[in-house]
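Here are my comments on the model you sent, set out as numbered points. I have kept to what can be read from the coordinates.

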Protein chains: 2
Amino acid sequence: MSLKRELLYEGKAKKIYRETSEKVFVEYKDSLTAFNAQKLGSFEGKGIVNRNITVLLYKYLEGQGVKTHFISAEEPNGIVATEVKIIPLEIVVRNILAGSTAKKFNIEEGRILERPLVEFYFKNDELGDPFISDDQAVALKVVSGPEIPQLKEIALKVNSALRVLFAKANLQLVDFKIEVGADSKGQLLLADEITPDCCRLWDVRTQEKFDKDRFRRDLGRVKESYEEVLKRLENALGVTK
Amino acid sequence: MSLKRELLYEGKAKKIYRETSEKVFVEYKDSLTAFNAQKLGSFEGKGIVNRNITVLLYKYLEGQGVKTHFISAEEPNGIVATEVKIIPLEIVVRNILAGSTAKKFNIEEGRILERPLVEFYFKNDELGDPFISDDQAVALKVVSGPEIPQLKEIALKVNSALRVLFAKANLQLVDFKIEVGADSKGQLLLADEITPDCCRLWDVRTQEKFDKDRFRRDLGRVKESYEEVLKRLENALGVTK
């Protein structure tokens, strides 16, 4: 596969190849990174499980009216997607406080927010993806003014839809990160991935973590947790294999 | 003076005493601090010069339609002000990038912004006054949703008025920090101070600094620079002594 296609970009967890003039081939890698790639890991089959979770979620979200870059699943660990120009913001939605924001304001993890909170982080590895306000993002020309409410609307729509689905899978959607890109017509599409790499998912009953915090915090059973998320989502969606 | 009044609060550069049931007496100290009080200094007469600058600016701003907590100047280094409940945000307005935001995004100091940028920092010494977005400030109940645009409006009005005045004083208003409080009727008033401690002021022609960066960065002539700012403002306003 990689022999035939031109590699456009290699990220921490994915490779992106040219497919056709307006399409790309996204290959999900087995690698795991945390803390701006200062902690490295991997497990066999991770690319496949994350690819499968993303495909399930993209199809589900499309059915809920969210436009995504997803076109088709390709065996074993790839998808074909619309080529987009990624907006250089990590868009984070929080339903429950955890991670960097809980730490920054010295609030115990687990505080439930009355309404979902949308945060932007400027995608820049050298700077460590700094937190950025709406006004800063516009002033520094990371996005245009009108794109801010559009991005928040997409983020909150994805959140509403995913919360319902994850609840059916007995998982609390604590927070997640998405990326959005513009296609050749300027239409904003959900891009990148939605996987346990960029969500926090806690078991509704036990509060057990089923996400990358198992890797970040050395909690073990990383592979099994990712596979469990896929299995629960398949059950929740009634997917037969 | 301090013998007669009850001390309500002592900050890094001011003491606040009870004056009457709805008024406070604010005493400007000679101390100088930087980097969240990790760097300490002082100079004789600093309290008086900062008091005098603040009084000039408050009176000027009131004339420009900005409501402030200022009531009267008291010799030698105090003012009487309306008692307010301070909103725990440092409200920063930037016309030219410098300081922490330039550093955070690795942008050289001196980039002129097309439009003024308003930033909020959560006032909390223990946390180091972290940068906070509008949505975070509302989600964490630091302010109410409707207060955000009100605070920005006050900040931008102060900025417009001060830019004109400082230009007459041959000083560029690079950035500044204000604080806003609510009086007993809930009316938002400009409070705290406006001095070279919380502004960046560059000479229009030479770009020489006339503000606390002289102390922060050990540039010398701190006292002379603060006194020069006062002298230039008096000239610009046609104040006779």
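1. Asp218(B) lies in the loop that connects α5 (213-216) with α6 (222-237) of chain B, and this is a convenient place to begin, with the reminder that the model is a predicted one. The backbone of Asp218(B) adopts a positive phi of about 55°, although the residue is not a glycine. With a relative accessible area of 61%, Asp218(B) is exposed, because the cut-off for that class is over 50%.

2. A second residue of this kind is found in chain A, where Asn36(A) has a positive phi of about 55° and is likewise not a glycine. Asn36(A) is placed in the loop between β4 (31-34) and β5 (39-42) of chain A, and at 35% relative accessibility it counts as partly exposed. As background to both points, most residues other than glycine have a negative phi, and most peptide bonds are trans.

3. Two peptide bonds also deserve a look. In chain A, Glu75(A) and Pro76(A) are joined by a cis peptide bond with omega of about 0°, and Pro76(A) sits in the loop between β6 and β7 of that chain. In chain B, the bond from Glu75(B) to Pro76(B) is cis with omega near -5°, and Pro76(B) belongs to the loop between β6 (70-74) and β7 (78-82) of chain B.

4. How are the strands of the open sheet in chain A ordered? The five strands follow the order β1-β2-β3-β7-β6, and their pairing is antiparallel. At the edges stand β1 (7-10) and β6 (70-74) of chain A, each of which has a single partner strand, so that one side of each is left without a neighbour in the sheet. Neighbouring strands are turned against each other by 25° on average, with direction ignored.

5. The pairing at one of these edges can be followed residue by residue. Strand β6(A) is joined by four bridges to β7 (residues 78-82) of chain A, and the two run antiparallel; within this pair, Phe70(A) stands opposite Ala81(A) of β7(A). Helix α1 (residues 46-63) of chain A packs on the sheet and touches β3 (23-28), β6 and β7 of chain A, while its direction makes about 145° with that of β6(A).

6. In chain B, strand β4 (residues 31-34) is joined to β5 (residues 39-42) by four bridges, with the strands running antiparallel, and the bridge partner of Ser31(B) in β5(B) is Ser42(B). The side chains of β4(B) alternate: Ser31(B) and Thr33(B) point one way, Leu32(B) and Ala34(B) point the other way, and all are buried. The hairpin formed by β4(B) and β5(B) has four residues between the strands, and in it Phe35(B) takes a positive phi near 55°.

7. Is Ala191(B) buried or exposed? It is buried, with a relative accessible area of 1%, and its place is in strand β13 (residues 188-191) of chain B. Not counting residues up to four places away in sequence, Ala191(B) touches Tyr58(B), His69(B), Val84(B), Ile86(B), Glu179(B), Val180(B) and Gly181(B). Pro149(B), by contrast, is 42 residues from Ala191(B) in sequence and 18 Å from it in space, C-alpha to C-alpha.

8. As to the relation between the copies, chain A is superposed on chain B by a rotation of 180° with 0.0 Å of shift along its axis, at an RMSD of 0.0 Å. The two copies are thus related as by a two-fold rotation axis. Among the residues of chain A, Ser133(A) comes closest to this axis, with its C-alpha at 2.5 Å.

9. The interface involves 26 residues of chain A in contact with 26 residues of chain B. Since 100% of the interface residues of chain A are also interface residues in chain B, the copies meet through the same surface. Between them the chains bury about 2,100 Å², of which 64% is on carbon and sulfur atoms. Phe105(A), Gln136(A) and Leu140(A) supply 28% of the area that chain A buries against chain B, more than any other three residues.

10. Finally, four salt bridges are found across the interface of chain A and chain B. The side chains of Lys152(A) and Asp135(B) meet in a salt bridge, with an N to O distance of 2.7 Å.

How values were computed:
Residues are numbered from 1 along each chain as its sequence is written. Chains are lettered from A and ligands numbered from 1 in the order in which they are written. This is a predicted model: local features need pLDDT of at least 70, side-chain atom pairs count only at pLDDT 80 or more; totals for chains, interfaces and linings use all residues. Side-chain values use heavy atoms; hydrogens and water are left out. Two strands pair if DSSP finds at least two bridges between them. Axes are lines fitted to C-alpha atoms, for helices over the stretch in contact, and angles run from 0 to 180 degrees between N-to-C directions. Contact means heavy atoms within 4.5 Å. Copies are superposed by least squares on the C-alpha atoms of residues with pLDDT of at least 70 in both. Buried means under 20% relative accessible area, exposed over 50%, partly exposed in between (1.4 Å probe, protein chains only). Buried area is the accessible area (1.4 Å probe) that two parts lose on being put together, summed over both.
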